[in-house]
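Here is a friendly note to read alongside the model. Please keep the 3D view open and look up each residue as it comes along.

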Amino acid sequence: MTEDVQKHSVHTLVFRSLKRTHDMFVSDHAKPIALDDHSHKVKMSSKLKADYGAVLHMPVLKEGKDRPIHGGLHGHQTSTESGDDPEYLVTGTHAYPLGPGVALTAETKIHRMPSEAGVHSMALTLPPSQARLDAGRTAASVGDIHRHAGIAERSQPPMSSLVHMEGGGTKTSALVRKAPTMPKPAWHPPWKLFRVISGHLGWVRSIAVEPGNQWFVTGSADRTIKIWDLASGKLKLSLTGHISTVRGVAVSSRSPYLFSCGEDKQVKCWDLEYNKVIRHYHGHLSAVYGLDLHPTIDVLVTCSRDATARVWDIRTKANVHTLSGHTNTVATVKCQAAEPQIITGSHDSTIRLWDLVAGKTRATLTNHKKSVRAVVLHPRQYTFASGSADNIKQWTFPDGNFIQNLSGHNAIINTLAVNSDGVLVSGADNGTIHMWDWRTGYNFQRIHAAVQPGSLDSESGIFACMFDHSESRLITAEADKTIKVYREDDTATEESHPVNWKPEILKRKRF
């Protein structure tokens, strides 16, 4: 019976096959056999199998499929279970696209998850970010000052250090941020009041010492310019001509000229052989707040409430450049022989470094948040400082890279002075004077001298200060109408006046 069924089935299949062949031949004249379609399907099937067969067999875990699976690099599956590193056995593809002609090897067929130490080592070898580069540049600037002072520069930036920790039998490495500490400051003798000079009838607003260090000049709100003997403090001469407060004075080292400027918009050149005005420099549209002489060429630079600084040819009185760019009063200006040759500070809270030849800004420093009323250049280093109500900041030339903040003089700072020993002096609107170590920013002395008898306590303000050329005397111009002279205390020693210093954390803000 079974054999009959099988024979019947075979006969049936043969019969159906013959019938289909017969039907094909019968309809041959009406419709050709679709051999092309059939061959096309065969070719596509072969191509799909060859090209995508490997994709259908994605890599599987060698240990089994019972571990939790998470998405890994490039969408491939990775395991995050602790213990032995999970491995993938790649059977037909590769975790990364292969280049032409690159074959898989026994090494590249198996991919392991990176260890924690490997991740850290990879992070350390990545290119540094812009913030890391800025931090390195700032550290190098401080290092330049340390080298100049004879102190070895640190081999690594102070902001970070590499620490290796041993624990639990495994070795890991991590970047630990270390706060910078202030190096021990140099000892400076304290300064004490030596002489008080009276004579002006109004606020004393400006000071200049002549190159021979024999006398000095002051300008006042009483509209006069007075010349004083430096050794005795006696009045030598009074010059009248301004019709408002005299805000700036300067004595030339290249010619016997004295220059002055005031709130009357006037800039005057005085011939000290005849004690007369020989030139006027016209152009400012408002009060002129400061001036400075270029050390190597016959150029005068003035700054004004009209938000400009002007460069004048001393001999021809020509306005060579009008330095525009500030958006508020330009309160202070300084000149130097090296680039940048002109530096200005303004009530718009910015400092600008100028290209004298082109008459254009080469850099704008926007770190201060309040008006910048004072700028001072270090006599030996290629650095400068600026004073504002927020703090005092130190910078490097020529690009104005930030060094550090000197915080603590919480007042409107009107004036700054620095000598070759690294003593920085800041004078404020409230009558206080702070003494700083330039290199470390350590505040080693604070002075608040009593006002002149008969003056109000509110008339306690420092408008200008300056070291004489021997740097042994500090002269201040004050709101109580006096000029005060300070000298170093010769009797002080490191034992009698020790440095009250501990390695506290520096406040080196970027802004």
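Is Gln341 buried or exposed?

1. Let us begin with that question, and with a reminder that the model is predicted. Gln341 has a relative accessible area of 11%. The limit for calling a residue buried is under 20%, so Gln341 is buried. You will find Gln341 in the loop between β21 (330-335) and β22 (342-346).

2. What does Gln341 touch? Leaving aside residues up to four places away in sequence, its contacts are His294, Lys334, Cys335, Gln336, Trp354 and Leu356. With one of these, His294, there is also a polar contact from side chain to side chain, at 2.7 Å. Try showing both side chains to see how Gln341 and His294 face each other across that 2.7 Å.

3. While you are in this loop, look at Pro340, which is also found between β21 and β22. The peptide bond that leads from Glu339 into Pro340 is cis, and its omega is near -10°. A second cis bond is worth a visit: Phe397 and Pro398 are joined by one with omega of about 0°. Pro398 belongs to the loop between β27 and β28 (401-406).

4. Now step back to the whole protein. How many helices and strands does the secondary structure come to? The count is 4 helices and 35 strands. The protein has 511 residues, and 42% of them count as buried. Its exposed surface is about 28300 Å², with 55% of that supplied by carbon and sulfur atoms. If you take the contacts with a separation of 6 or more, 46% of them are between residues 24 or more positions apart.

5. Strand β19 (residues 308-313) makes a good worked example. Here 5 of the 6 residues are buried, so β19 is largely enclosed by the rest of the structure. On one side, β19 pairs with strand β18 (residues 299-304) in the antiparallel sense, over 5 bridges. Within this pairing, Cys303 is opposite Ala309 of β19. Strand β20 (residues 319-324) also runs antiparallel to β19, again joined by 5 bridges. In that pairing, Val311 has His321 of β20 opposite.

6. The turns on either end of β19 deserve a close look. The hairpin of β18 and β19 has 3 residues between the strands. The hairpin of β19 and β20 has 5 residues between its strands. In the turn from β18 to β19, Ala307 has a positive phi of about 70° although Ala307 is not a glycine. Lys317, in the turn from β19 to β20, is not a glycine either, yet its phi is positive at about 65°.

7. Which label does Lys317 get at 42% relative accessibility? Lys317 counts as partly exposed at that value. Ala307, on the other hand, has a relative accessible area of 14%, so Ala307 is buried.

8. Strand β13 (residues 246-251) is another enclosed strand to compare by eye. Of its 6 residues, 6 are buried, so β13 is largely enclosed by the rest of the structure. Strand β14 (residues 257-262) runs antiparallel to β13, and 5 bridges join the two. Gly248 and Cys261 in β14 are opposite each other, and the hairpin between the strands passes through 5 residues.

9. Next come the rings. There are 9 aromatic pairs in the structure. One of them is Phe384 with Trp395: the ring centres are 6.3 Å apart and the planes meet at 20°, so this pair is stacked. The pair links distant parts of the chain, since Phe384 belongs to strand β26 (residues 383-388) and Trp395 to strand β27 (residues 392-396), 11 residues apart. Both Phe384 and Trp395 are buried. They also belong to one aromatic cluster, together with Tyr382, Phe397 and Phe402. You have already met Phe397, in the cis bond to Pro398.

10. Finally, look at two arginines over rings. The charged end of Arg205 is over the ring of Phe463, at 4.1 Å from the ring centre. Arg487 lies over the face of Phe194, and here the distance to the ring centre is 4.6 Å.

Notes. Residues numbered from 1 in each chain as written. Predicted model: local features only at pLDDT ≥ 70, side-chain atom pairs only at ≥ 80, totals over all residues. Heavy atoms only, no water. Phe/Tyr/Trp six-rings, centres within 6.5 Å; stacked < 30°, edge-to-face > 60°. Buried < 20%, exposed > 50% of the residue type's maximum accessible area, 1.4 Å probe, protein only. Lys NZ or Arg CZ within 6 Å of the ring centre and 35° of its normal. Polar contact = N/O pair within 3.5 Å; in protein donor to acceptor, adjacent residues only side chain to side chain. Contact = heavy atoms within 4.5 Å. Pairing = 2+ DSSP bridges. Areas by Shrake-Rupley, 256 points an atom, 1.4 Å probe, with all protein chains shown as cover.
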